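Please load the model in your viewer, show the backbone as a cartoon, and keep the side chains ready to switch on. The stops below take you from strand pairings to the ligand and then to the surface.

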Amino acid sequence: MSGSPSSDAVRKDFRSLWHPFTQMEEWLGEEPLVIERAEANELIDDSGRRYFDGVSSLWCNVHGHRHPKIDGAIRAQLDRVAHSTMLGLTHPGAAELADRLARISPGKLTRVFYSDAGATAVEIALKQAFQYFGLRGETGRSKFLSLAEAYHGDTIGAMSVGYSEAFHRYHRPLLFEAIRTTPPHVFRWERRLDEKAALQVAIDEARRTFATHGEELAGVIVEPLVQGAAGIWPHPPAYLAELARLAKEAGTLLICDEVATGFGRTGALFACELAGVEPDLFCVGKGLTGGYLPLAATLATEEVFETFLAPYDQLSTFFHGHTFTGNPLCCAASLASLDVFEEEKTMEHVGEIAPNLHARLDDDVASLEHVGDVRHQGLMVGIEIVEERETRAPYPSGKRMAYRSCLAARRHGVIIRPLGDTIVLMPPLSATPEQIDLLVDATVAGIREVTES
Ligand SMILES: *Cc1c(COP(=O)(O)O)cnc(C)c1O
């Protein structure tokens with residue numbers, strides 16, 4: 001840690017920037033890494049050093065950086081138009097992408113509403129669900145049910161359904177009240193139940209929650225199969241399937257937030273497929289453009305969509321939109337990314353590298369002295385760092401053990417980032433078997449250096 005700004009970029013960063021999710025006092029005391037360019041799955045810093053992109057540039061890169069097909073599609077679109085508007089006009093890319101998303105998404109989703117971030121996709125789903133019941137005259141349905149420790153983004157509505165004490169404590173008075181139910185992993189981790197017992201307890205709680213609140217619910221929102229920002233906590237497909245069944249039985253809408261899990265991350269194109277679940281509203285973001293550009297989408301069933309249809313003066317329009325909604329460059333990138341999935345048989349490749357990743361984690365990470373738990377689903381991995389393995393007692397948070405392990409791993413050529421005490425690995429779907437090995441080796445080295453010193 002030199003703390004001495006070494007380049008023009010760092011000097012200006014230190015003087016003028018405020019970084020997301022960053023304690024700026026800590027940031028200003030360290031020498032930041034300046035990424036200048038990238039090539040496939042590697043990021044390259046201003047001195048030419050290469051790093052494997054171990055968290056896919058915050059969970060979004062899919063096929064690697066500077067993919068010729070995606071770059072080419074964006075350049076070609078640039079020669080046509082960079083931005084027009086979806087308010088009162090349309091364009092070929094937005095229409096084509098909507099058609100393809102409707103066809104590849106799970107269940108009976110037919111309508112695509114664009115926005116520009118995962119959080120906005122969630123806000124839109126919440127507002128659509130709420131208005132759907134308003135239009136039907138079911139005004140008693142005014143609440144949302146979500147999972148404990150869920151994360152759905154950082155805007156007010158998304159925070160309300162995704163409350164995290166660490167992230168949101170200062171904004172709590174601004175949030176609307178949501179009903180929570182506890183997912184299985186909490187019982188497994190905190191009460192040390194085995195998988196089957198934890199699932200049963202969680203299902204029992206969900207049934208009680210629906211029995212009490214089912215009739216006041218405008219929607220049930222869930223991150224299917226993996227709660228990402230909570231610390232990569234997977235739940236069994238049977239849990240998701242039961243939530244979907246309870247939502248249907250209660251006559252409310254199921255909102256699946258696949259902003260993190262979508263586009264192949266869990267081993268299927270969408271996590272819902274692995275549980276055979278058919279959402280009423282569906283949110284995607286992050287990997288939609290291959291991780292290139294800010295585009296998100298909220299998909300709805302025809303049944304939800306039709307409810308909003310009426311003569312204009314009834315004002316049942318969904319009055320919502322963002323300036324850059326459906327941006328043509330973003331749509332071009334997304335279409336190219338979907339082409340790459342087919343041409344490079346990306347999901348088959350994931351089926352080959354994911355088992356290697358899991359085996360290496362089981363063999364070389366799970367046994368480490370200060371690793372309390374290793375969780376994975378597809379290419380999403382959480383490694384829990386603990387002070388004492390037996391009791392799973394955490395280190396004091398000020399020690400920043402997971403954070404420092406990630407910085408140490410950087411010296412071994414990979415960029416990774418923790419969530420609290422959890423080290424997250426989230427390689428691009430295009431990672432090679434050698435890069436998966438490098439990722440695990442560097443992570444092991446980083447953890448050992450920090451926890452054994
Ligand atoms: C990242 C994330 C979001 C928020 O997406 P942004 O593009 O950062 O607004 C929402 N839901 C889930 C599950 C996420 O992982």
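Begin by selecting Cys 283, which stands opposite Thr 298 in strand E12, and bear in mind throughout that this is a predicted model. The two strands concerned, E11 (residues 281-284) and E12 (residues 296-301), pair in the antiparallel sense over four bridges.

Keep E11 selected and turn on its side chains: which residues cover its two faces? On one side you will find Leu 281 and Cys 283, and on the other Phe 282 and Val 284, and all of these are buried, so that both faces of the strand are covered.

Next, add strand E10 (residues 253-257), which runs parallel to E11 and is joined to it by three bridges. Within this pairing, select Ile 255 and look across to Leu 281 of E11, which stands opposite; Leu 281 is also one of the buried residues just visited.

Now move to strand E5 (residues 143-147), where four of the five residues are buried, so the strand is largely enclosed by the rest of the structure. Select strand E7 (residues 217-222) together with E5, and you will see two parallel strands joined by four bridges; to follow one of these pairings, pick Lys 143, whose bridge partner in E7 is Leu 217. Then select strand E6 (residues 179-181), which pairs with E5, also in the parallel sense, over three bridges, and locate Ser 146, which stands opposite Arg 180 in E6.

From the strands, go to the ligand and display its surroundings, which include Trp 59, Ala 117, Gly 118, Ala 119, Tyr 151, His 152 and Gly 153, as well as Glu 223, Asp 257, Val 259, Ala 260 and Lys 286. Where does a backbone atom of Gly 118 lie with respect to the ligand? A backbone N or O atom of Gly 118 is 2.8 Å from a ligand oxygen atom, while a polar side-chain atom of Asp 257 lies 2.7 Å from a nitrogen atom of the ligand. For Lys 286, the distance between an N or O atom of the side chain and an oxygen atom of the ligand is 2.7 Å. On its own the ligand has 380 Å² of accessible area, of which the protein covers 81%.

Finish at the surface by selecting Tyr 312, Leu 315 and Phe 319, which make a nonpolar patch of about 380 Å². To place this patch along the chain, centre on Leu 315, which is found in the loop between helix H13 (302-307) and helix H14 (328-343).

Conventions:
Residues are numbered from 1 along each chain as its sequence is written. This is a predicted model: local features need pLDDT of at least 70, side-chain atom pairs count only at pLDDT 80 or more; totals for chains, interfaces and linings use all residues. Side-chain values use heavy atoms; hydrogens and water are left out. Patches are made of residues with over 30% relative accessible area and no salt bridge: like charges are joined within 9 Å, nonpolar side chains (Val, Leu, Ile, Met, Phe, Trp, Tyr) within 5 Å. Accessible areas come from the Shrake-Rupley method with a 1.4 Å probe; for residues, only the protein chains shown count as cover. A salt bridge is a side-chain nitrogen of Lys or Arg within 4 Å of a carboxyl oxygen of Asp or Glu. Buried means under 20% relative accessible area, exposed over 50%, partly exposed in between (1.4 Å probe, protein chains only). Two strands pair if DSSP finds at least two bridges between them. A residue is near a molecule or strand if one of its heavy atoms lies within 4 Å of it. A polar contact is a pair of N or O atoms within 3.5 Å; within protein, one must be able to donate a hydrogen and the other to accept it, and residues adjacent in sequence count only if both atoms are side-chain atoms.
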